[in-house]
Amino acid sequence: MAKLENLIDSKGKDGLDKVALRKSSFVPKKEKQDPPNAWALALATFFAYAVVVVIGHIRDVCARIFGQKKNRPPEGYAPLLDDFDDFYTRRLYRRIQECFNRPICSAPGAYIEVMDRVVASDPADGMKLTGKTSRCLNLSSYNYLGFAETSDVCKQQVIDSLNQFSPGTTSPSMESGTTELHTKLEKLVARFVAKPAAMVFGMGFATNSTVIPALVGKGALIVSDELNHSSIVTGARIAGAKVRVFRHNNAEHLEQVLREAIAEGQPRTHRPWTKILIIVEGIYSMEGEICCLPEIVAVKKKYKAYLYLDEAHSIGAMGPTGRGVTDHLGVNVNDVDIMMGTFTKSFGSVGGYIAGSESLIEYLKMTSPGQLYASSMAVPCVQQIITALSIVMGEDGSDLGARKLRALRDNSNYFRRRLIEAGFDVYGDEDSPVVPVMLYMPGKMPTFSRFCLENKMAVVVVGFPATPILKPRVRFCISAAHTKEDLEDAMQKMIEIADVIGIRYCKDAPTSY
């Protein structure tokens with residue numbers, strides 16, 4: 001079995017000032033500026049949360065006084081649920097629960113059928129379906145390249161694979177869950193990302209949470225971006241390695257953290273770390289920001305650390321050929337030791353992958369719980385990815401993949417530009433298909449979501465704890481399946497909604513794009 005220390009066949013010897021680039025396309029980012037009245041928004045946000053929390057505690061006290069037993073544990077039992085999480089769910093989440101977990105009854109294409117619901121007489125009983133649906137413009141799904149459309153070219157090949165195999169494999173990959181299509185997909189992914197080998201998993205979250213513990217353990221150091229996804233946080237916690245966090249997308253602070261960690265060594269013993277793993281994302285899903293990968297690669301080389309790149313939202317969506325942020329920024333893929341991505345976003349399927357050296361993939365196939373114990377990806381999902389990936393690579397003999405990539409980029413930049421021109425406080429970078437818009441006030445989350453649904457737009461609003469408490473937002477996900485007319489119609493409706501609830505925070509500020 002190859003040791004993890006031999007994970008990289010050859011390490012670059014360049015210093016901090018010599019980053020191996022295929023093209024010089026990286027432009028340093030300007031720091032995001034707060035809106036002019038940021039301090040007033042912060043005070044109002046804290047006050048709004050304080051009011052809701054106080055009212056919630058008053059209702060809990062009244063329930064105890066007047067003998068309400070619905071949320072109490074059985075006599076003699078300790079509470080099963082965490083106290084604060086339980087309170088947050090009952091007294092905050094349930095007040096706006098109709099804005100989340102909306103069921104659908106169609107493919108998540110450019111338009112989507114949302115099943116209408118009403119709140120039950122007792123909010124604790126959840127929501128009740130009315131039997132009606134609303135056809136909405138889909139600005140919420142990760143259907144970046146439009147491969148989730150029911151009329152897409154992938155459909156027939158997926159049906160054929162279902163006829164040949166079965167809906168599920170009923171076995172882990174390491175037993176009898178690997179079919180010829182799984183092997184074909186792994187080879188195709190490796191070729192697409194320009195790595196020697198790759199492996200696939202049935203779930204994107206499990207890719208991170210089961211691979212990271214297999215890579216590092218006690219005596220190792222993980223240096224993680226502060227806004228990394230929950231799957232990375234979970235994997236790092238399970239690993240048992242020491243975890244240090246650096247400021248979001250800040251290579252200078254990353255270098256500072258690394259320098260201090262190397263100088264101090266392991267806790268108590270001060271021995272050198274067995275290995276150091278830097279973990280970043282290609283596109284940060286709540287921020288819409290692109291990783292400053294060239295700078296991070298330079299730091300990684302200088303301190304001889306390994307680099308783990310999560311491209312869940314960037315693979316298939318970024319770069320001239322859709323190969324992610326390395327393609328977009330011109331970074332040599334050999335400078336990234338472990339490449340991770342998912343098939344949920346750009347390819348209209350499920351699951352994730354890890355790509356790297358042959359010794360790395362051999363090692364992970366024998367040690368990752370996601371390969372040893374979880375059922376492998378369903379064959380129809382595998383075929384969906386193979387077909388979609390072949391189209392993106394142009395191996396279907398057409399330019400459909402190139403047209404989809406161009407449409408996604410044009411739609412994303414058009415929508416972002418229109419939002420900025422209209423005075424919305426927009427986060428994220430150009431070319432990113434994730435376009436967050438700040439709402440700030442927690443009460444504006446449900447109001448905006450409800451108005452959008454009334455105007456036949458399906459959107460996702462996000463608040464604490466998924467975002468900082470001061471930064472509730474709506475996150476738009478743009479697709480190649482959208483037309484300019486779809487996006488312009490949505491813009492006109494959102495401007496009307498924004499004027500009613502007051503979220504054009506940058507309306508009077510000078511705009512630049």
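In this predicted model, Gly 341 has Tyr 353 of strand β11 as its bridge partner, and this pair belongs to the contact between β10 and strand β11 (residues 352-356), which pair in the antiparallel sense over 4 bridges. On another pairing of β10, strand β9 (residues 306-310) runs in the parallel sense and is joined to β10 over 3 bridges, with Leu 309 standing opposite Met 339 of β10. Strands of a sheet pair through backbone hydrogen bonds, and they can do so either parallel or antiparallel.

Is strand β10 buried or exposed? In strand β10 (residues 338-342), 5 of the 5 residues are buried, so the strand is largely enclosed by the rest of the structure. Side chains in a regular strand alternate between the two faces of the sheet. In β10, Ile 338, Met 340 and Thr 342 point one way, while Met 339 and Gly 341 point the other way, and all of them are buried.

**The sheets**

Strands β9, β10 and β11 are part of an open sheet of 7 strands, whose order is β3-β11-β10-β9-β6-β4-β5 and whose pairing is mixed. The edge strands of this sheet are β3 (197-201) and β5 (242-246), each of which pairs on one side only. From one strand to the next, the twist averages 20 degrees. At the β3 edge, 5 bridges join β3 to β11, and these two strands run antiparallel; within this pairing, Ala 198 has Ala 355 of β11 as its bridge partner. Helix α4 (residues 180-192) packs on the sheet, where the helix touches β3 and β11, and its direction makes about 125 degrees with that of β3.

A further open sheet has 3 strands in the order β1-β2-β13, again with mixed pairing. Here β1 (111-119) and β13 (457-458) stand at the edges with a single partner strand each, so one side of each is left without a neighbour in the sheet. Strand β1 is joined by 8 bridges to strand β2 (residues 127-138), and the two run antiparallel. One of the facing pairs is Glu 113, which stands opposite Arg 135 in β2.

**Charged pairs**

Side chains of opposite charge can pair when their charged atoms come close. A search of the whole structure finds 17 salt bridges, and the table lists some of them with the separation of their N and O atoms.

| Salt bridge | N to O separation |
|---|---|
| Glu 421 and Arg 418 | 3.8 Å |
| Arg 418 and Glu 488 | 2.9 Å |
| Arg 504 and Asp 499 | 2.8 Å |

Arg 418 appears in the table with Glu 421 and also with Glu 488. Glu 421 and Arg 418 both lie in helix α13 (residues 400-421), where they are 3 residues apart, about one turn of the helix. Which parts does the pair of Arg 418 and Glu 488 tie together? Arg 418 lies in helix α13 and Glu 488 in helix α15 (residues 484-501), so this pair ties together parts that are 70 residues apart in sequence.

The residues in these pairs can also be described by how much of their surface is accessible. Arg 418 has a relative accessibility of 17% and therefore counts as buried, since buried means under 20% relative accessible area. Glu 421, by contrast, counts as partly exposed because its relative accessibility is 48%, and Glu 488, at 21%, also counts as partly exposed. In the remaining pair of the table, Arg 504 is buried with a relative accessible area of 19%, whereas Asp 499 is partly exposed with a relative accessible area of 45%. Elsewhere, salt bridges that share partners join Asp 60, Asp 86, Arg 90 and Arg 91 into one network.

**A nonpolar patch**

Which residues form a nonpolar patch on the surface? The patch is formed by Phe 47, Val 51 and Ile 55, which together have about 270 Å² of accessible area. Val 51 is found in helix α1 (residues 38-65), and this residue is partly exposed, with a relative accessible area of 34%.

Conventions: Residues are numbered from 1 along each chain as its sequence is written. This is a predicted model: local features need pLDDT of at least 70, side-chain atom pairs count only at pLDDT 80 or more; totals for chains, interfaces and linings use all residues. Side-chain values use heavy atoms; hydrogens and water are left out. Patches are made of residues with over 30% relative accessible area and no salt bridge: like charges are joined within 9 Å, nonpolar side chains (Val, Leu, Ile, Met, Phe, Trp, Tyr) within 5 Å. Accessible areas come from the Shrake-Rupley method with a 1.4 Å probe; for residues, only the protein chains shown count as cover. A salt bridge is a side-chain nitrogen of Lys or Arg within 4 Å of a carboxyl oxygen of Asp or Glu. Buried means under 20% relative accessible area, exposed over 50%, partly exposed in between (1.4 Å probe, protein chains only). Two strands pair if DSSP finds at least two bridges between them. Axes are lines fitted to C-alpha atoms, for helices over the stretch in contact, and angles run from 0 to 180 degrees between N-to-C directions. Contact means heavy atoms within 4.5 Å.
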